[in-house]
Amino acid sequence: MFKYALSIVLRRKMRTFLTSLGITIAVFLISFIIFGMQDLQKLLVDQFNTILKPNQIIVTKGGAFSMFTGVGEQTYDQEEQKQTIMNEDVLNEIRAFEYVEDISRMTVITGMNITLIDKKVPYPQAFMSGWDVKSNNSYFKEFSGNVERVEPGKIWVSKAFSKFYKLNDPNDIIGMKVAIEPSSSSILTNRSKSIIGKKFEYTITGVYDPGQDKNDAILHVEDSTSMLADLGGFKSSNEYIKEIGYDNLYVTTYTDNVKEFKKYVKDTYNYDTFTADDVISILGSITQGLTIALVMFGLVSALVAGIGIINTMIMSIYEQTKEIGIIKAIGASNTQVLTIFLIQSGFIGLFGGVFGLLLIFAVMKLTDPLIVDQLNNAGFGATTFFNFDITIALVITALSILVGVVAGVYPAIKAAKLDPIKALRYE
Amino acid sequence: MIKAENLNKTYVMNKKVKVKALDDISFTIKEGSTIAIVGPSGSGKSTMLNILGGLDTEYKGSLLVDGKDIKDYDTNYYRRNIVGTIFQQFNLVSSLTVAENILLPITFGKQLGKGRVNDRLEYLLGKLGLKERADHKPTELSGGQSQRVAIARALIAKPKIILADEPTGNLDSKTGGEIVDLLFELNKEEGTTLIIVTHDPELFNNVDRKIHLRDGKIIQE
Ligand SMILES: Nc1ncnc2c1ncn2[C@@H]1O[C@H](COP(=O)(O)OP(=O)(O)O)[C@@H](O)[C@H]1O
Ligand SMILES: [Mg+2]
């Protein structure tokens, strides 16, 4: 009986093919989304996991840690608590929190230009910070230089910076000097006498690759606070820290379970925190939203494909009326006729599904190297983008068959109910 | 044995137009006998055969086969295993081979032992001269060959009754004669009851009995 049903499907190859094309398109769309999105998310998650380990937390006053700019919620709160200044007292309190392993301080330097000494043009739109970070921190994708930390009077610069001055080999730029001066625009907006003519010089001891992050130069924290104090007209770094404080703290804990710490920091100081988890969950919801939207497209095309199958199956009843009469006359039951038609429509679904998967497989194989290239140019360490998942492929195949079978139900019932005498007389 | 009592069949076209196709028909047919149902076109022959074949279940009166009302049989079992039907237009499934066509009643029935089915198929193919044609499609066959395939299909499940509705109607007289001879020969061998509908009484002079129909009534025994 199965063979018989199959022979009917194969009799009209062109029509079976055209009808199954609807399913093919739906499957193509849906599997593209699933394979692509899954991997996109995986790639992004991997990327952030290398920058930020699960036990690393960035504590911020809400200032800019450039990697996360724009991420996070902003709500208007009438009774908004004033944020505590991130001064040495706070630092010590946090350091005393039970599972804090290490804290590095970070200041954000804005409105300043950085220029390689003796060059005329400053590096554009530099993002600089003071940060007592170790050179082996996972934040750095790559680090060249023979030091563990940036020392006073020294500076580390990004690969982008050295590339800007066409010094691609880190050894060429290490040992050179940079000058940091207020940018002309910041003088115009600030109009503060204290910043005019200020110029700070540092020697390069390291070149790093911050990956996706924009971070062009890292100074010793104390250098940065004294620079900020000087620029702002404070008497000393100590006064600056007391009045303004650090901008971010980069905390490492002994445990990956950082919920408690985050709550403590929020409740006590009203500081925001960022962890890999936060970023991943934000990324997750973004890709999830996209996935849902695109799956809807896929479902709509599946619906259209289903209607196409219904149409084809009804046509095929008219064509097979006589045949249905014959098989009923020699003893095929209604259930058997129903089954034959469901097998037919199921096969249309199966063909469509398999075509679609083959197509997506081919497209994936062809475009994957291009996408990987693109991603690597953008700084991602990707080796593959698409991952053809056989389990998902099987589920998609099963669903395609299901769409075919469901679409075939109405025509199949119609066929099963045909009166054999009338059907036999049909020409 | 087949026993029909007061069979009545009326086709209702609409409220005004009704056609009385069978008008109070009663008869008995002995097991293993050969019967010709004869009558002009429109006399109700096909209607009667459809009822006998279990295709038409909307009639009045009773029809017993081996003492059991045919309405008490499982319809599909009855069509598959009690009767074998041969049509004027052969009614073969064009996408299936000769062998697959012959095996259709088995395909839809309970699967018998494969070996026995194959023996039966080989036997019928040989008997009907279709050995060389087993893997051909119906479109590659002549009319006479097609009808022989239909006969094999009717016989494959070893039914008790063979029903043939104008089996020679689409064939020339020579081929028709051969088909009739085959039908009788096989009927004798298999011990089935053979009921043939025809409008040409001359073709079936050697049947055990003729039932003449006119306007839905039996006019002469
Ligand atoms: N499905 C039907 N609907 C209405 N009338 C029918 C139908 N089938 C047969 N008839 C009528 O019933 C009568 C008997 O038909 P039928 O049994 O086919 O005769 P025969 O086979 O002897 O030519 C005819 O008058 C025919 O027109
Ligand atoms: Mg007739």
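**Exercise 1. The lining of a pocket**

How many nonpolar, polar and charged residues does the lining of the second largest pocket have? Describe the pocket as well.

Solution. The structure is a predicted model.

Step 1. Start with the classes: the lining of the second largest pocket has 9 nonpolar, 13 polar and 6 charged residues.

Step 2. Give the total and the centre. The lining holds 28 residues, and those nearest the centre of the pocket are A:Arg425, B:Ser46, B:Thr47, B:Asn50 and B:Asp165.

Step 3. Assign the lining to elements. Two or more residues come from each of these: helix H13 (420-425) of chain A, and S2, H1 and strand S7 (161-165) of chain B. The largest share, 5 residues, is that of H1(B).

Step 4. Add the volume, which is about 670 Å³ for the second largest pocket.

**Exercise 2. The ligand in its site**

Where does ligand 1 sit, and which residues come nearest to ligand 1? Explain why the site is shared between chains.

Solution.

Step 1. Locate the ligand: ligand 1 sits in the second largest pocket. Among the elements of chain B, strand S2 (18-29) and helix H1 (45-52) each give two or more residues to the shell around ligand 1.

Step 2. Find the largest contributor. H1(B) supplies 3 residues of the shell, the largest share.

Step 3. List the neighbours. There are 13 residues around ligand 1, and B:Gly42, B:Gly44, B:Lys45, B:Ser46 and B:Thr47 come nearest. A residue belongs here if one of its heavy atoms lies within 4 Å of the ligand.

Step 4. Sort the shell by class: 5 residues are nonpolar, 6 are polar and 2 are charged.

Step 5. Look at the chains. The residues surrounding ligand 1 come from chains A and B, so the site is shared between chains.

**Exercise 3. Polar contacts of the ligand**

Which atoms of A:Arg425, B:Gly44 and B:Lys45 lie at a stated distance from ligand 1? How much of the accessible area of ligand 1 does the protein cover?

Solution. The cut-off for a polar contact is a pair of N or O atoms within 3.5 Å.

Step 1. Take chain A. In A:Arg425, a polar side-chain atom lies 3.4 Å from a nitrogen atom of ligand 1.

Step 2. Take the backbone contact in chain B. A backbone N or O atom of B:Gly44 is 3.1 Å from an oxygen atom of the ligand.

Step 3. Take the side-chain contact in chain B. For B:Lys45, an N or O atom of the side chain lies 2.9 Å from an oxygen atom of ligand 1.

Step 4. Turn to the area. On its own, ligand 1 has 550 Å² of accessible area, and the protein covers 71% of this.

**Exercise 4. Closed cavities**

How many cavities of 30 Å³ or more does a search of the whole structure find? Describe the largest and the second largest.

Solution. Rolling a probe the size of a water molecule over the atoms shows where empty space is left.

Step 1. Count: the search finds 5 cavities of 30 Å³ or more.

Step 2. Describe the largest cavity. Its volume is about 110 Å³. The lining has 13 residues, with A:Ile8, A:Val9, A:Arg15, A:Ser316 and A:Gln344 nearest the centre. Helices H1 (2-11), H2 (13-51), H10 (276-329) and H11 (334-377) of chain A each give two or more residues to this lining. H10(A) gives the most, with 5 residues.

Step 3. Give its classes: 4 nonpolar, 5 polar and 4 charged residues line the largest cavity.

Step 4. Describe the second largest cavity. This one has a volume of about 70 Å³. Its lining includes A:Ala329 and A:Ile330 as well as B:Arg79 and B:Pro105. S6(B) provides the largest share, 3 residues. By class, the lining divides into 6 nonpolar, 2 polar and 3 charged residues.

Notes
Residues are numbered from 1 along each chain as its sequence is written. Chains are lettered from A and ligands numbered from 1 in the order in which they are written. This is a predicted model: local features need pLDDT of at least 70, side-chain atom pairs count only at pLDDT 80 or more; totals for chains, interfaces and linings use all residues. Side-chain values use heavy atoms; hydrogens and water are left out. A polar contact is a pair of N or O atoms within 3.5 Å; within protein, one must be able to donate a hydrogen and the other to accept it, and residues adjacent in sequence count only if both atoms are side-chain atoms. Accessible areas come from the Shrake-Rupley method with a 1.4 Å probe; for residues, only the protein chains shown count as cover. On a 1 Å grid over the protein atoms alone, a cavity is a set of points where a 1.4 Å probe fits but cannot get out, and a pocket is an open set with protein on both sides within 12 Å along at least five of seven lines; lining residues have an atom within 4 Å of a point. A molecule sits in a cavity or pocket if more than half of its atoms lie within 2 Å of its grid points. Helices (H or I, at least four residues) and strands (E, at least two) are DSSP runs, numbered from the N terminus. Ala, Val, Leu, Ile, Met, Phe, Trp, Tyr, Cys and Pro count as nonpolar, Asp, Glu, Lys and Arg as charged, and the others, Gly among them, as polar. Grid points are joined across faces, edges and corners, and a volume is the space filled by probe spheres set on the points.
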